[in-house]
Amino acid sequence: MTRNEKHPSHRLLAALAAPALPMSALTLPMIIFLPEFYAHTLGLNLALVGFIFTFVRLGDLVFDPFVGGLMDRTRTRWGQFRPWLLLGGPLVMAGTWMLFMAQPGVGPVYLSIGLVMAYIGYSIVVLAQMGMGTTITSDYRQRSRVFAWWMVFNTIGQILVMAMPVFFADRIANDSSFTVRTMGWFILASVPVTIAACVAYVREGDAPVQGHAARLRDYLGLFTLSSTRLLLLTQLLVGLGLGISAAVFLFFFTMLKQVPFAYVGLQFVAFYIVGVITAPVWSLIANRIGRHRALSLGCCGFAAYMMLMMAMPPGNLVYFFGMGLLGGTMACSVDMLPRSMMADVSDEDRLASGQDRTGMLFALLTVTHKFGQAMSIGVVYFALDLIGFKAGSTANGTLALNGVAVLYGIVPGLLYIASALVVSRFGLTPARHDAIRRELAAGGSAPA
């Protein structure tokens with residue numbers, strides 16, 4: 001498969017997207033299940049567990065730009081990004097084994113090492129995969145297909161891992177660690193298969209010859225393009241909104257809306273199934289009106305979903321799952337479109353700078369989203385403490401419960417509306433991208 005192929009096959013796109021399945025299956029347990037597993041089942045101090053997860057995640061923000069710069073300068077006979085996939089896969093597996101198969105008696109050092117290995121491997125795999133996605137086609141519309149396939153596999157991984165508590169409900173009642181270990185085995189089994197398929201089937205084109213440094217000032221230089229600034233600001237606002245709503249998700253639905261815990265998990269599954277179904281639809285919408293307008297539409301739609309969920313009558317499961325269809329549809333666009341937009345920005349940057357800085361740009365996109373989510377954790381728990389909210393307590397007052405509702409619906413909704421306004425100013429339209437491709441071709445260099 002060469003860099004300039006116009007219409008990549010479904011098989012090629014599936015092979016490229018396949019590693020997203022175990023990577024997404026890894027991220028949800030890291031947020032939802034593992035902290036509780038280490039604090040309760042394995043007996044580590046709750047505050048210490050929270051500190052370790054936060055500290056390691058902040059360190060991960062520094063690693064992404066570093067490895068993104070290294071990827072941009074990588075030139076091997078096997079390609080620019082494929083060797084990185086082969087490196088990241090074993091690291092993910094080693095970290096997964098440590099984290100998910102841990103036994104009582106492990107300490108904070110053990111947890112820290114497992115998290116570092118898992119996060120480093122995850123970052124390498126995702127950045128390499130995103131970089132490869134830019135190389136297999138330079139066509140604006142075909143790139144929507146590339147990242148729609150990524151979204152499909154990403155969502156399938158989330159569906160499978162979130163369905164496990166439902167599938168094994170009887171076993172979980174007698175062994176609280178069974179869910180975590182089952183998730184771990186699923187990740188361990190799927191990582192080598194999906195990465196092998198990607199490496200074996202996807203062939204990169206020749207990378208540009210010119211190299212570049214990856215120092216702080218080089219990353220700052222990426223912000224000279226308004227496209228970069230607007231897309232990263234949009235991603236920051238989306239990350240903040242998503243992180244804040246996720247932090248109070250269980251509190252909001254189980255305590256305010258009286259939804260049984262098992263049904264909360266089922267809505268996650270329904271959410272992701274809708275995402276798989278609507279990914280091709282968003283690809284068509286993006287090609288018709290432009291990716292930036294489609295993303296703005298998706299952000300506004302997700303803001304509407306957040307606001308409508310606040311109006312849900314307590315215990316009304318029909319309303320609960322009905323609104324989940326709207327939320328899953330809109331969440332798909334917010335996940336999928338920024339990545340394909342950054343692939344276009346990499347072409348614009350290469351025309352302006354004469355350098356291929358795809359890895360650095362995707363690293364910035366990833367770091368911005370992670371930073372938004374990391375910041376949201378501190379904001380939410382500080383606010384909950386300030387209003388006197390007590391998790392699991394039946395004695396929370398009106399102020400505390402209303403505060404949870406505001407944090408779940410109003411604050412994220414406003415952030416999503418702000419992100420829609422920001423991205424609406426994005427100037428890299430299909431016509432502008434076609435012009436960039438022509439200029440790059442005239443200069444004897446194909447888009448990265």
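# A tour of the predicted model

Begin by selecting R181, which is buried with a relative accessible area of 19%, just inside the cut-off of under 20% that defines buried. The model on screen is a predicted one. R181 is found in helix α9, residues 178–201. Now show what surrounds this arginine. Leaving out residues up to four places away in sequence, R181 touches F37, F100, M101, A102 and Q103.

One of those contacts, F100, leads to the next stop. Select helix α5, residues 82–100. Its 19 residues reach 27 Å from the first C-alpha to the last, close to the 27 Å expected at 1.5 Å a residue. Colour the buried residues of α5: they are R82, W84, L85, G88, G89, V92, G95, T96, M98, L99 and F100. F100 is thus both a buried residue of α5 and a contact of R181.

Move on to α6, residues 108–135. This helix has 28 residues and reaches 41 Å from first C-alpha to last, close to the 40 Å expected at 1.5 Å a residue. Of the 28 residues of α6, 20 are buried, so the helix is largely enclosed by the rest of the structure.

Stay with α6 for the cavity. The structure holds one cavity of 30 Å³ or more, and about 30 Å³ of space lies in the largest cavity. To find the largest cavity, select L16, A17, Q129, M130, G133, V146, F147 and W150, which line it. At least two lining residues come from each of α1 (10–17), α6 (108–135) and α7 (140–167). By class, the lining of this cavity has six nonpolar and two polar residues, with no charged residue.

Next, turn to the second largest pocket. Select F223, R229, L232, L233, L236, L364, V367, T368 and F371, which form its lining. Two elements, α11 (226–247) and α16 (358–386), give two or more residues to the lining of the second largest pocket. About 160 Å³ of space lies in this pocket. Its lining residues divide into seven nonpolar, one polar and one charged.

The last stops concern aromatic rings. The structure holds nine aromatic pairs. Select F253 and F320: their ring centres are 5.1 Å apart and their planes stand at 70°, so the pair is edge-to-face. F253 lies in helix α12 (residues 249–256) and F320 in helix α15 (residues 317–353), so the pair ties together parts that are 67 residues apart in sequence. F253 counts as buried because its relative accessibility is 0%. F320, also at 0% relative accessibility, counts as buried too.

Another pair to display is F302 with Y305, which is tilted, at 5.3 Å centre to centre and 45° between the planes. Both F302 and Y305 are buried. They are three residues apart in helix α14 (residues 291–310), so about one helical turn separates them. An α-helix has 3.6 residues a turn, so residues three or four places apart point the same way.

To finish, return to F253 and F320 and add F252, F321 and Y408 to the selection. F252, F253, F320, F321 and Y408 form one aromatic cluster.

Methods: Residues are numbered from 1 along each chain as its sequence is written. This is a predicted model: local features need pLDDT of at least 70, side-chain atom pairs count only at pLDDT 80 or more; totals for chains, interfaces and linings use all residues. Side-chain values use heavy atoms; hydrogens and water are left out. Helices (H or I, at least four residues) and strands (E, at least two) are DSSP runs, numbered from the N terminus. The expected span of a helix is 1.5 Å times one less than its number of residues. Buried means under 20% relative accessible area, exposed over 50%, partly exposed in between (1.4 Å probe, protein chains only). On a 1 Å grid over the protein atoms alone, a cavity is a set of points where a 1.4 Å probe fits but cannot get out, and a pocket is an open set with protein on both sides within 12 Å along at least five of seven lines; lining residues have an atom within 4 Å of a point. Grid points are joined across faces, edges and corners, and a volume is the space filled by probe spheres set on the points. Ala, Val, Leu, Ile, Met, Phe, Trp, Tyr, Cys and Pro count as nonpolar, Asp, Glu, Lys and Arg as charged, and the others, Gly among them, as polar. Rings of Phe, Tyr and Trp (its six-membered ring) pair if their centres lie within 6.5 Å; planes under 30 degrees apart count as stacked, over 60 as edge-to-face and the rest as tilted. Contact means heavy atoms within 4.5 Å.
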